[in-house]
Amino acid sequence: MTQDQKEPVHSERRSLSRRTVLTTMGAVPVLTVAASVLRATEAAAATANINPSSPRQTIRGFGGMAHAAWIGDLTAAQRTTAFGGGDGQLGFSVLRIPVGENQADWSRDLATAKRAVELGATVIASPWNPPASMIETFTRGSQTNAKRLRYSSYGAYAQHLNDFTTYMRNNGVNLYGISVQNEPDYATDWTWWTSAEIVRFLRENAGSIGTRVIAPESFQYVKSMSDPILNDATALANVDIIGAHLYGTSYANFPYPLFKQKGAGKELWMTEVYYPNSSDSGDLWPQALDVGEHIHHAMVDAEFQAYIWWTIRRSYGPMREDGQISKRGAMMAQFARFVRPGYVRVDATANPATNVYVSAYRGGDTVVIVAVNKNTSSVSQQFTLAGTTASGSVASWLTDASRNVAPQSAQTMANGSVTVTLPARSVTTFVTSVSGTPPTSPSPSITLSPTPSQSPTGGSGPRVAYTMNTWSSGFTASISITNTGSATINGWTLRFTLPSGQAITSGWNATFAPSSGQVSATNVSYNGTLAPGATVDIGFQATHTGNTAEPAAFTLNGIPCIVV
């Protein structure tokens, strides 16, 4: 199949064939039965201990795939719903798009990519096929018309990927990374690659690609596709992100010890999945809770840094065809809206009770806890933050059978501890503040910026995106600052005026002073340099007395900013 064919055929084949393949392989079936979850005991859960000073992986974001050729483009309103962070929105911070085999098709997903960038998201791209002139056919088992990239075209293919990267950059989208091949081990309808061919391409050609390189994107996180990359020092030096898909992958196969052993300085992304299937509605409840548990295991067991859904708008996806978020989408939003790029997952008691799953994240002084309760009864859950006796307010948002990411009444944390009720069959996200030094992640970069080899972009002033998540007495604000000029910025201060009644209580990735009125946000030690086209993400938590307006204007080092 080529990218020009329409997605309904692709989706039906993907849904049927995957289940057939997985049954043959003896893997865990894609379809799971949420209703089989057992009722928990009535006893309170064990304390969930959160250690904000024990960092794990840096989170790059949560997001989805857009594929205009197969599914149709998102509308302008749907783009805002996907990448906005307010009520009724998904809060996605990553977009994946296809690399068309023909340059004439490269503009298809450009409008969605540009809007995603304006709203603070990062963009990656994956090819299904090289240009037809670079392909040869061969016999693979019973498939007599299998396709592969001719070895003599490896260099031209690397240039093809570079040309797509340049095209996107010249049109306002700096790709964070580009893949060698989508699902090279499940390619009956696109282009096959063996692990040896991927290693050879990485060794000999990938070093010339001017953005981060992603490989291998195995359809089932088959480690025999990625192990050879990790075991070859030259190939590993030319790849930046180990990408994987999770179709039918059992939770037991989520951990990757070899990556932990040899992947220092590399990133680990889950770049495509739908779960538990593509046959049921995204609003089917309580089955949608399976998505919440799946994300939990992807973050905690697999330690992925990104989680990307196939595709954003679909009957089984996070956004319904009418542009409203589904129950599966609400599961994703419970993470995506609050665990922002640059946050670091920290140690937490992952399973304090039967069918209760807890993960925690830190961004500066902000701690985010996501709790999934798949039980048919409520659970009393205590959270304790290690190393602090802080007291203060805890905001929360809830998705259950009748509510989608609905703000709840604030709770009170005393001496670093708070006890809450997790409603039956629900996901709750808690946001609080703790004083102390932010943890240093094993993956040191906490901003999503273009690679140094990329060319500067033009612009009439720095660009700022300001996104608020509000509740009854407070809010969080995420701010993305982009250098649209042609010169590197060394040291920056963003100035803005908070509306009356708003006061900052904590912040991350910048120093904020004073707490109200005209505020200056100054870079910290690790993010003071902004190359042309680079973006830095900062933010803060604040209180309000009823006024939830946004600042009217921003300046960066005295230069007026373009607000998007």
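**Exercise 1. Tyr 221 and its backbone**

Task: Place Tyr 221 in the loop between strand 9 (212-218) and helix 7, then state what phi it takes and whether it is buried or exposed.

Solution. Start with the ground rules. This is a predicted model: local features need pLDDT of at least 70, side-chain atom pairs count only at pLDDT 80 or more, and totals for chains, interfaces and linings use all residues. Residues are numbered from 1 along each chain as its sequence is written, and side-chain values use heavy atoms, with hydrogens and water left out.

Step 1. Helices (H or I, at least four residues) and strands (E, at least two) are DSSP runs, numbered from the N terminus. Tyr 221 sits between two such runs, strand 9 and helix 7.

Step 2. Read phi. For Tyr 221 it is near 55°, a positive value in a residue other than glycine.

Step 3. Check burial. Buried means under 20% relative accessible area, exposed over 50%, and partly exposed in between (1.4 Å probe, protein chains only). Tyr 221 has a relative accessible area of 4%, so this residue is buried.

**Exercise 2. A second positive phi, and two cis bonds**

Task: Describe Glu 303, then locate the cis peptide bonds at Pro 276 and Thr 311.

Solution.

Step 1. Glu 303 is in the loop between helix 10 and strand 12. Its phi is near 60°, positive in a residue other than glycine. The relative accessible area of Glu 303 is 15%, so Glu 303 is buried.

Step 2. The bond from Tyr 275 to Pro 276 is cis, with omega near 0°. Pro 276 belongs to the loop between strand 11 (267-273) and helix 10.

Step 3. Trp 310 and Thr 311 are also joined by a cis peptide bond, and omega is about -20°. Look for Thr 311 in the loop between strand 12 (306-309) and helix 11 (327-336).

**Exercise 3. Helix 10 and helix 5**

Task: Compare the span of each helix with its expected value, and find which residues are buried.

Solution.

Step 1. The expected span of a helix is 1.5 Å times one less than its number of residues. Helix 10 (residues 289-300) has 12 residues and reaches 17 Å from first C-alpha to last, close to the expected 16 Å. Helix 5 (residues 154-170) has 17 residues and reaches 24 Å, close to the 24 Å expected.

Step 2. In helix 10, 12 of the 12 residues are buried, so this helix is largely enclosed by the rest of the structure. Among them are Asp 290, Glu 293, His 294, His 296 and His 297.

Step 3. The buried residues of helix 5 include Tyr 154, Tyr 157, His 160, Phe 164 and Arg 169. Their cover includes strand 3 (94-99), helix 4 (110-118), strand 6 (143-149) and helix 6 (195-204).

Step 4. Look just past the end of helix 5. Gly 172 takes a positive phi of about 95° there.

**Exercise 4. Helix 6 against helix 7**

Task: Give the packing angle and axis distance for helix 6 and helix 7, then list residues that meet.

Solution.

Step 1. Axes are lines fitted to C-alpha atoms, for helices over the stretch in contact, and angles run from 0 to 180 degrees between N-to-C directions. Helix 6 and helix 7 (residues 223-230) pack at about 30°, with axes 9 Å apart.

Step 2. Contact means heavy atoms within 4.5 Å. Ser 195, Ile 198, Val 199 and Leu 202 of helix 6 meet Ser 224, Met 225, Pro 228 and Ile 229 of helix 7.

**Exercise 5. Two buried polar side chains**

Task: Find which partners the side chains of Arg 96 and Asn 483 reach.

Solution.

Step 1. A polar contact is a pair of N or O atoms within 3.5 Å; within protein, one must be able to donate a hydrogen and the other to accept it, and residues adjacent in sequence count only if both atoms are side-chain atoms.

Step 2. Arg 96 lies in strand 3. Its relative accessible area is 0%, so Arg 96 is buried. The side chain of Arg 96 makes a polar contact of 3.2 Å with that of Glu 217.

Step 3. Asn 483 is in the loop between strand 23 (474-482) and strand 24 (489-490). Asn 483 is buried, at 4% relative accessible area. Its side chain reaches the backbone oxygen of Leu 530 at 3.0 Å. The backbone oxygen of Ala 531 lies 3.3 Å from a polar atom of the Asn 483 side chain.
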